[in-house]
Amino acid sequence: MEPLDDLAYLQRLDPGRMLERIQEFPEQCQLAWDAAARFAWPAAPAGVANVVIAGMGGSAIAGELLAGLAAATCPLPIIVHRDYGLPAFAGPQTLFIASSYSGNTEETLSATREALQRGATVVGLASGGALARLAEEAGLPLYPIRYRSSPRAALAHSLL
């Protein structure tokens, strides 16, 4: 049995270097906060009645955290959608947030296209990919995630 204080052993068990990502999480939060403060966010849309955050896997974690944190104080329902298409209620009164670290998540792209067809206000978060191209073509605001890692390790950048 290998001892848990054997750094070489632990590094072999952690090829994705998640321990390093966890250790640098406070610094990631500061970097993400600063980047979000510099971003030119669009004006808040009028008449929003609900928020839908579309994402899969690690890209949806921030949405789940936001929904939980805001539940007691936000007067709008925040729904995390992890599927193709959209819930039936989503439409012109929806603030739709497409969260795809890679920008190529099929389900998120499908939901984004449907949100546009239904007249929702759409904002994207991605490091590039098809979502970034769709946002550029449609003139949508896209918050660029510049932190390079696995999606779950980029949590600070998706949440803050």
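This presentation walks through selected features of a predicted model.

Good morning. I shall begin with the strands. Strand β1, residues 50-54, pairs with strand β2, residues 78-81, in the parallel sense, and the pairing runs over 4 bridges. Within it, V52 has I79 of β2 as its bridge partner. Between the two strands the chain passes through helix α4, residues 58-70, and this β-α-β crossover is right-handed.

Let us stay with that helix for a moment. Helix α4 contains G63. Is G63 buried or exposed? Its relative accessible area is 4%, so G63 counts as buried. What does G63 touch, once residues up to four places away in sequence are set aside? The answer is I53 and V80. In addition, the C-alpha atom of G63 is separated by 8.4 Å from that of I78, a residue 15 places away along the chain.

I78 leads us to the nonpolar interior. The largest nonpolar core has 17 residues, and those touching the most other members are V51, I78, L95, I97 and Y143. Two or more residues of this core come from each of β1, α4, β3 (94-100) and β4 (121-126). For I78 itself, leaving aside neighbours within four places in sequence, the contacts are V51, I53, L66, A67 and A70. A separate core lies apart from this one; it has 16 residues, including A54, F96, A111 and A126.

I turn next to the aromatic residues. Across the whole structure, a search finds 3 aromatic pairs. One of them joins F39 and Y143: the ring centres are 5.2 Å apart and the planes stand at 80°, so this pair is edge-to-face. F39 belongs to the loop between α3 (25-38) and β1, whereas Y143 belongs to strand β5, residues 142-144, so the pair ties together parts 104 residues apart in sequence.

Y143 also pairs with W41. Here the ring centres are 5.3 Å apart and the planes are at 10°, so the pair is stacked. This pair, too, links distant parts of the chain, as W41 is in the loop between α3 and β1 and Y143 in strand β5, 102 residues away. Taken together, ring pairs link F39, W41 and Y143 into a cluster. As for accessibility, Y143 is buried, with a relative accessible area of 5%, while W41 is partly exposed at 43%.

A buried polar residue deserves attention as well. Q28 is found in helix α3, and its relative accessibility is 2%, which places it among buried residues because the limit for that class is under 20%. Where does the side chain of Q28 reach? It reaches the backbone oxygen of R21, at 3.2 Å. Without its neighbours within four places in sequence, Q28 is in contact with R21, Y147, A153, A154, A156 and H157.

Finally, a remark on backbone geometry. Most residues other than glycine have a negative phi. R17, which is not a glycine, has a positive phi of about 55°. R17 is placed in the loop between α1 (7-13) and α2 (18-23), and at 43% relative accessibility R17 counts as partly exposed.

To close, I would draw your attention again to two residues. I78 is in contact with L66, A67 and A70, among others, and Y143 is linked through ring pairs with F39 and W41. Both I78 and Y143 are among the residues that touch the most other members of the largest nonpolar core. Thank you.

Terms used
Residues numbered from 1 in each chain as written. Predicted model: local features only at pLDDT ≥ 70, side-chain atom pairs only at ≥ 80, totals over all residues. Heavy atoms only, no water. Pairing = 2+ DSSP bridges. Right-handed = clockwise from strand over helix to strand, strands pointing away. Buried < 20%, exposed > 50% of the residue type's maximum accessible area, 1.4 Å probe, protein only. Contact = heavy atoms within 4.5 Å. Phe/Tyr/Trp six-rings, centres within 6.5 Å; stacked < 30°, edge-to-face > 60°. Core = buried A, V, L, I, M, F, W, Y, C linked by side-chain atoms within 4.5 Å. Polar contact = N/O pair within 3.5 Å; in protein donor to acceptor, adjacent residues only side chain to side chain.
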